[in-house]
Amino acid sequence: MIYTVTLNPAIDYYVVMKEFVEGNLNTAEEGYTLAGGKGINVSKVLKNFGKESVALGFVGGFTGSFIKDDMKACNIAERFIELEENTRINMKLKTEKTESEIAGKSPKISKENIEKLLDEIKNIKEEDILILSGSVPNTIDKGIYGEIIEKLPEGTKVILDTRGEPFTKALDKGVFITKPNIDELSEFFHKKLETTEEIVEAGKKLRAMGSKNVIISMGKEGSILISEKGVYKGNAPKGKLISSVGAGDSMVAGITYGLIEGKELEEAYKFGIASGSATAFSEGLTTFETMENLLKEIIIEKIG
């Protein structure tokens, strides 16, 4: 079974307009709401690909009910822990020139809530895949991902997609894949990484620090996989960028899909690139057909 953890979900309110003028009354041309959160996005893409998952995390209030209803409508299993306070609302504003986001305030999460989540983690078995992605609310210790990993049976594949202190504290617990983008990798090493050699060197350091495999996304420059078999570079297929929201989560879902299908990581990486790109070229998260149509354009080259 695949499990996704979203500690800090949200209702994402998307607003589209030609131009935003600060201090003026602005009118949206389009607006819609979605149940958001990195792990939730992964579960949704996996469902689009015909793969089941269980979504874990915290929700509360009327906004939490919206998320639970949305998961039910998508026929995705969830075992969210109920909170007293409302789940946050994020605003994502897209104009002709920019994409901006306002992240809402996270609800309070108690020690009792955390213990209930850790009890759910006990159901995970060694052959399962656990995806830990997204930010950690301020009311939770930043070492929570590491604590979760320590409670897993040996052999569970962990995919870690976060940044900052939660990433640092989970890394040395041992993970199967980390997926930083180039900015997150530079942030982690406190150094701007520009050349392929610098990026690969940094990725190899992450492997030495506890990540068995590392995938570094670099936008239009493609991505790099560093595994025990070597270093691989994948291209970014051509297409019109509609929105980058959810592209990284879709890449994680695509890789997970490939692994569940019995592919070697280097082949599953191909599905990841196609999935992330397909979402970037779509309004919303990718379908299986959209991802599949891009597969033939993905070229993986061994560079080390």
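# A walk through the model, starting at Ser275

Select Ser275 to begin: leaving aside neighbours within four places in sequence, Ser275 is in contact with Phe49, Ser250, Met251, Gly254, Thr286 and Met291. Keep in mind as you click around that this is a predicted model. Ser275 sits in helix H9, which covers residues 265-280. Is Ser275 buried or exposed? With a relative accessibility of 0%, Ser275 counts as buried, because the cut-off for that is under 20%.

**Stop 1: H8 against H9**

Now colour H8 and H9. The two helices pack at an angle of about 145°, and their axes are 7 Å apart. H8 passes H9 in a right-handed crossing. To see the contact, show side chains for Ala247, Ser250, Met251, Gly254, Ile255, Tyr257, Gly258 and Leu259 on the H8 side. On the H9 side, pick Leu265, Ala268, Tyr269, Phe271, Gly272, Ile273, Ser275, Gly276, Thr279 and Ala280. Colour that selection by class and you get 11 nonpolar, seven polar and no charged residues.

**Stop 2: H8 again, this time with H1**

Leave H8 on screen and add helix H1, residues 38-48; H8 itself runs over residues 247-260. What angle do H1 and H8 pack at? About 50°, with the axes 8 Å apart. That makes H1 oblique to H8. H1 passes H8 in a right-handed crossing.

For the contact, select Lys38, Asn41, Val42, Val45 and Leu46 in H1. They meet Asp249, Ser250, Val252, Ala253, Thr256 and Tyr257 in H8. By class, the contact of H1 with H8 has six nonpolar, three polar and two charged residues.

**Stop 3: H6 and H7**

Next, go to helix H6 (residues 182-189) and helix H7 (residues 196-209). Their axes come within 11 Å and cross at roughly 65°. That makes H6 roughly perpendicular to H7. The crossing of H6 past H7 is left-handed.

Which residues make this contact? From H6, show Ile182, Leu185, Phe188 and Phe189; from H7, show Ile199, Ala202, Lys205, Leu206 and Met209. The class count for H6 with H7 is eight nonpolar, no polar and one charged.

While you're here, click His190 in the loop between H6 and H7. His190 has a phi near 55°, which is a positive value in a residue other than glycine. Most residues other than glycine have a negative phi, and that is why a positive one is worth a click. At 75% relative accessibility, His190 counts as exposed.

**Stop 4: a second positive phi**

Jump to Asn75, in the loop between helix H2 (61-73) and strand S5 (77-83). Phi of Asn75 is near 60°, again a positive value in a residue other than glycine. Asn75 has a relative accessible area of 54%, so it falls in the exposed class.

**Stop 5: the nonpolar cores**

Hide the loops and go for the largest nonpolar core, which has 43 residues. Which of its members touch the most other members? Phe58, Leu132, Tyr145 and Ile148.

Centre on Phe58 and show what surrounds it. Not counting neighbours within four places in sequence, Phe58 is in contact with Thr6, Leu7, Pro9, Phe80, Ile81, Leu83, Thr87, Ile109, Asn113, Ile114, Leu117 and Ile140. Apart from this core lies another one of 31 residues, including Phe49, Ile131, Tyr232 and Leu294. You have met Phe49 already, as one of the contacts of Ser275.

**Stop 6: a strand residue and a loop residue**

Select Thr33, which is in strand S3 (residues 30-36). Its relative accessible area is 39%, so Thr33 is partly exposed. Outside four places in sequence, Thr33 touches Ile11, Asp12, Tyr13 and Phe66. Draw a distance from Thr33 to Phe167: C-alpha to C-alpha, the two are 29 Å apart in space, and 134 residues apart in sequence.

Finish at Glu221, in the loop between strand S11 (211-217) and strand S12 (223-227). What does Glu221 touch, not counting residues up to four places away in sequence? Lys233 and Gly234. For a last distance, try Ala103: Glu221 and Ala103 are 28 Å apart in space, C-alpha to C-alpha, with their positions 118 residues apart in sequence numbering.

Technical notes. Residues are numbered from 1 along each chain as its sequence is written. This is a predicted model: local features need pLDDT of at least 70, side-chain atom pairs count only at pLDDT 80 or more; totals for chains, interfaces and linings use all residues. Side-chain values use heavy atoms; hydrogens and water are left out. Axes are lines fitted to C-alpha atoms, for helices over the stretch in contact, and angles run from 0 to 180 degrees between N-to-C directions. Helices (H or I, at least four residues) and strands (E, at least two) are DSSP runs, numbered from the N terminus. Angles under 35 degrees count as roughly parallel, over 145 as roughly antiparallel, 65 to 115 as roughly perpendicular and the rest as oblique. A crossing is left-handed if the near helix is turned anticlockwise from the far one by less than a right angle, and right-handed if clockwise. Contact means heavy atoms within 4.5 Å. Ala, Val, Leu, Ile, Met, Phe, Trp, Tyr, Cys and Pro count as nonpolar, Asp, Glu, Lys and Arg as charged, and the others, Gly among them, as polar. A nonpolar core is a set of buried Ala, Val, Leu, Ile, Met, Phe, Trp, Tyr and Cys residues joined through side-chain atoms within 4.5 Å. Buried means under 20% relative accessible area, exposed over 50%, partly exposed in between (1.4 Å probe, protein chains only).
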